[in-house]
Amino acid sequence: MCGIVGYIGDKEVLPILIEGLRRESYRGYDSSGVFILKGKEGILVRSVGKLENLEKKLEGIKIEGNIGIGHIRWATHGGVTEDNAHPHFDCKKEVFLVHNGIIENYKELKEKLIEEGHNFTSETDTEVMCHLIEKYFNGNLEETVRKMIKEIRGAYAIAVISKKDPQKIVAARMSSPLLLGINKDEFLVASDPAAILIRTRQVINLDDGEIAVLKPNDFFILKEKPIQLIEWTPEEAEKGGYPHFMLKEIFEEPEAIENAIRGRLIPEEGNVKLGGLENVEDRLREIKRLFLVACGTSFYAAKVGEIMFQEYAGIDAKAEVASEFRYKKQALDENTAAIFISQSGETADTLAALREMKKKGILCLGITNVVGSSQARETDAGVYTRSGPEAAVAATKSFLGQISVLAMMTVFFGRQREMSLVMGKRIVTELAKIPVLAKEVLKKAPEIEKLAKKYKEFKNFWFIGRKYNFPIALEGALKLKEISYLHAEGICGGELKHGSLALVDENFPTVAICPSDSVYDKMVSNIQEVKARNGPVIAVATEGNEEIKKLVDDVIYIPKTLEMLTPMLSVMPLHLFAYYMAVLLGHDVDKPRNLAKSVTVE
Ligand code: G6P
């Protein structure tokens, strides 16, 4: 999400910044900007849309200088406007800063700074850092940055230039990647190796809490660090070193969960803070019926949400496919609300259903990944997933972001109603652990690749699951269909015997999602039904369950968590399985035939 480039050296800086930003642009962005310093004078140019728009604005402006920072932004706080594009600056236009990440306590800081007389020009969380640097400036930029970061909470990678301490770039990081490029007579800073590789392969990865200072002939980090050599080609680097966007995005699933929950959990109160719902909080208290409306993978997230809301929030929830929902007669009254779920916020079917509900006067909420999308603009209130851009057509990490938000909404609604403090605490505490557990699941990738090799000749697959993992069976099957073009269907475990079982034989494998939860015993019965017909079975089971090994052909273990959160961990092996199958079958994983990332026709 977003990209930073900074350069200081003996070359003209502008072409280097633009090329660096172009190399980072695979991440997706909606606006861009550069700041270049010459002597004590600087030029700031920003633009919305493609990098070409920025370049057009730069044409005809005489920009010389050997120090500069650039940024591509993917909106999280505030819409896609030039004022919200980076670099941001302070009141006196002396400090210029680019930022990736999220500053969690920016609202409090902004209010205080405004009281103290600071003038803000953007809606971003980033801008508070410029004003804090202005406030604390003591003649030395790195010392001031050190003081500033003590005040902020959240994730950041930043690069800063000050006209008052001009011959340097100061960079700092916390939970957001940032690295330095070291070359003869020049130094770079970037959030992505792709931007550095255009000039050097020698890099230093900054660690959390570290501050680096780049000067024309010298650099230092406020700690000694070894220089490393990057082996990637620039092309590999654009996918973060992964062969496909889809694999990169699956490996970003723990981060997607982390981003969704960052700053939103209040464990001591057993509650969550969802800023986007604050203006409708009282109306939400009255809601008794809730529709969750979406398409594709987002619909399966809606189905997980439906069970969470029913079980813990005390709301009569119902997941509906957007393209059907619009044409159905629904019982609607003032106590009904609808949540529209869409990664892109531009899916035509979902938008049509949203507009229909708005016409009927229903309170419409949104869960989306894209700030300023049609859905975000047209809903009454909502929560962003903050999953970062998703380039592969088949959704993966955004699904995890959506379920994270739905779990938080469950706590939000539940605590407005009958959910106890103890239960609220339990869910919030377990949710906070999921990113770490999700990283454990990713360690199974080589094992899952081996499984894909074993099963790649089969042409048909059942995916079975019950309760929270029935939607995951649907998602596992959809993912396999989408990219490997094999026949796969998701069925609830109990339904298998009512028809589908007729197809099972030694050539028809079943993927059974059977974590140790309230429906585990029933799932075992369903697995036995398959085994009795010689069907091969791959189980996704909870670590420590040795029994299951005796029953099935292959097992992928996932860590234990709360039942309602198991879908987040159980879906990850299925994303990996679909990915490896498609690669082995030689398909275009990121751009499957006949499909589009954002379907803007009904
Ligand atoms: C397309 C994509 C799917 C996605 C669906 C809904 O069909 O190929 O991966 O799940 O749209 O997209 P949305 O942006 O609304 O979540």
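## Basis and the antiparallel sheet

Two strands are said to pair if DSSP finds at least two bridges between them, and the strands (E, at least two residues) and helices (H or I, at least four residues) are themselves DSSP runs numbered from the N terminus. The structure is a predicted model, in which local features need pLDDT of at least 70 and side-chain atom pairs count only at pLDDT 80 or more, whereas totals for chains, interfaces and linings use all residues. Residues are numbered from 1 along each chain as its sequence is written, and side-chain values use heavy atoms, with hydrogens and water left out.

On these terms, six strands make up an open sheet with antiparallel pairing, in the order β5-β6-β7-β8-β12-β13. Its edges are β5 (88–89) and β13 (218–221), each of which pairs on one side only. At the β13 end, strand β12 (residues 211–215) runs antiparallel to β13 and is joined to it by four bridges, with Lys215 standing opposite Asp218 in β13. Helix α4 (residues 127–136) lies across β5, β6 (95–103) and β7 (154–162), in contact with them (heavy atoms within 4.5 Å). The direction of α4 is at about 135° to β6, where axes are lines fitted to C-alpha atoms, for helices over the stretch in contact, and angles run from 0 to 180 degrees between N-to-C directions.

## The parallel sheet and helix α11

Another open sheet has five strands in the order β18-β17-β19-β20-β21, and here the pairing is parallel. Strands β18 (316–321) and β21 (381–384) are its edges, each pairing on one side only, and the twist averages 20° from one strand to the next. Within this sheet, β17 (residues 289–294) and β19 (residues 336–342) pair in the parallel sense over six bridges, and Val293 stands opposite Phe340 in β19. Helix α11 packs on the sheet, touching β17, β18 and β19, and its direction makes about 170° with that of β18.

## Surroundings of the ligand

Helix α11 (residues 296–313) also gives the most to the shell around the ligand, with three residues. There are 14 residues around the ligand, each with a heavy atom within 4 Å of it, and Ser298, Ser342, Gln343, Ser344 and Thr347 come nearest.

For polar contacts to the ligand, pairs of N or O atoms within 3.5 Å are counted. The side chain of Thr347 places an N or O atom 2.5 Å from an oxygen atom of the ligand, while backbone N or O atoms of Val393 and Ala395 lie 3.3 Å and 3.4 Å, respectively, from an oxygen atom of the ligand. The protein covers 90% of the 390 Å² of accessible area that the ligand has on its own, as calculated by the Shrake-Rupley method with a 1.4 Å probe.

## Two buried residues

Gln402 belongs to helix α15 (residues 397–416) and counts as buried because its relative accessibility is 1%; buried means under 20% relative accessible area, exposed over 50%, and partly exposed in between, with a 1.4 Å probe and protein chains only. Leaving aside residues up to four places away in sequence, Gln402 touches Thr297, Ser298, Ala301, Ile341, Ser342, Gln343, Ile367 and Thr385.

Val511, in strand β24 (residues 510–513), counts as buried as well, because its relative accessibility is 2%. With the same exclusion of residues up to four places away in sequence, Val511 touches Phe461, Trp462, Phe463, Ile464, Ile538 and Leu574. Lys425, by contrast, is 86 residues from Val511 in sequence and 33 Å from it in space, C-alpha to C-alpha.

Definitions and conventions. Polar contact = N/O pair within 3.5 Å; in protein donor to acceptor, adjacent residues only side chain to side chain.
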